[in-house]
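Subject: Structure handover and notes

Hello,

Here is the structure I said I would pass on. My notes on it follow below.

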Amino acid sequence: MKNKKLINSFKYAFKGIGSSIKSERNMKIHIFMMLLVIIMGMLLNISMWEWIICFILFGLVISLEMVNTAIEIVVDIVCPTFEEHAGRAKDIAAGAVLVNAITAAIVGLFIFLPKIIGLFIK
C-alpha cells in the first residue's frame, strides 16, 4: 500500500513536470537555455565544480518556474476576476523567477565568459 502511494507520488510529479514543459512558454525557454549551457559546458570543458553550480542553478530556476506556474493557476481558480492582491501575488511569484534567472545568468557569465575570451586571446 505504501509503495503504491510512493510510486503514485512520483508519477504525479513527473506528470507535473511534463505538463509544465508542454504548456508553459517560459519553461520551454528555461529548458532551451539549460540545454545550451550543457552544450557550451561540454564544448568548453568546464570543471566538475562548475558543472555542480550549473546543475544547482538549473534545478533552482526550473523548480521556481514550476512553483510560479502553480501559484498562477491557484490564484486564477480562487480569483477568476481581477483582484489587486491576486495580481500582486502573481507578479511577486514571477519576480522571484526573474531574480533567480538573472542570478543564474550572471553566474553563467562568470563561468563561461573567461573561457570564451580565452579562445580568442590565445
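Which helices do the buried residues of H3 pack against? They pack against H2 and helix H4, the latter covering residues 84-121. Please keep in mind throughout that this is a predicted model.

**Helix H3 and its buried residues**

Helix H3 runs over residues 48-78. At 1.5 Å a residue, its 31 residues should span 45 Å, and the end C-alpha atoms are 45 Å apart, so the expected and modelled spans agree. The buried residues in H3 are Glu 50, Cys 54, Leu 57, Phe 58, Val 61, Ile 62, Glu 65, Asn 68, Thr 69 and Val 75. Charged and polar side chains turn up on that list, including Glu 50, Glu 65 and Asn 68.

Glu 72 also lies in H3, but Glu 72 is partly exposed, at a relative accessible area of 24%. The C-alpha atoms of Glu 72 and Ala 93 are 8.2 Å apart, with their positions 21 residues apart along the chain.

**Contacts from H2, H4 and H1**

His 30 sits in helix H2, which covers residues 25-44. Its relative accessible area is 15%, so His 30 is buried. Setting aside residues up to four places away in sequence, His 30 touches Val 61, Ile 62, Glu 65, Val 97 and Ala 101. Of these, Val 61, Ile 62 and Glu 65 are among the buried residues of H3.

Val 97 belongs to helix H4 and is buried, with a relative accessible area of 6%. Beyond its neighbours within four places in sequence, Val 97 is in contact with His 30, Leu 64, Glu 65 and Asn 68. Glu 65 therefore appears in the contacts of Val 97 as well as in those of His 30, and it is one of the buried residues of H3. For a distance along the chain, the C-alpha atoms of Val 97 and His 85, 12 residues apart, are separated by 19 Å.

Ser 20 is placed in helix H1, residues 2-23. Ser 20 counts as buried, at 6% relative accessibility. Its contacts, leaving aside neighbours within four places in sequence, are Met 27 and Met 66.

**Salt bridges**

How many salt bridges does a search of the whole structure find? The count is 2.

In one of them, the side chains of Lys 115 and Glu 50 meet, with an N to O distance of 3.4 Å. Lys 115 lies in helix H4 and Glu 50 in helix H3, so this pair ties together parts that are 65 residues apart in sequence. Glu 50 counts as buried, at 17% relative accessibility, whereas Lys 115 counts as partly exposed, at 26%.

Lys 90 forms a salt bridge with Asp 76, and here the closest N and O atoms are 2.7 Å apart. This pair also joins H4 to H3, since Lys 90 lies in helix H4 and Asp 76 in helix H3; the parts tied together are 14 residues apart in sequence. Lys 90 is partly exposed, at 23% relative accessibility, and Asp 76 is partly exposed too, with a relative accessible area of 39%.

**Cysteines**

A disulfide is a covalent bond between the sulfur atoms of two cysteines. The count of disulfides here is 0. As for individual cysteines, Cys 54 counts as buried, at 5% relative accessibility, and Cys 79 counts as partly exposed, at 22%.

**Surface and loop**

A nonpolar surface patch of about 730 Å² is made by Leu 109, Leu 113, Ile 116, Ile 117, Leu 119, Phe 120 and Ile 121. Leu 113, one of its members, is found in helix H4. At 41% relative accessibility, Leu 113 counts as partly exposed.

What is the phi of Asn 45, which is not a glycine? The angle is positive, at about 55 degrees. Most residues other than glycine have a negative phi. Asn 45 is found in the loop between H2 and H3, and Asn 45 is exposed, with a relative accessible area of 65%.

Regards

Key:
Residues numbered from 1 in each chain as written. Predicted model: local features only at pLDDT ≥ 70, side-chain atom pairs only at ≥ 80, totals over all residues. Heavy atoms only, no water. Helix = DSSP H or I, 4+ residues; strand = E, 2+ residues; numbered from the N terminus. Buried < 20%, exposed > 50% of the residue type's maximum accessible area, 1.4 Å probe, protein only. Contact = heavy atoms within 4.5 Å. Expected span 1.5 Å × (residues − 1). Patch = residues over 30% accessible without salt bridge, like charges linked within 9 Å, V, L, I, M, F, W, Y side chains within 5 Å. Areas by Shrake-Rupley, 256 points an atom, 1.4 Å probe, with all protein chains shown as cover. Salt bridge = Lys/Arg side-chain N within 4 Å of Asp/Glu carboxyl O. Disulfide = S-S within 2.5 Å.
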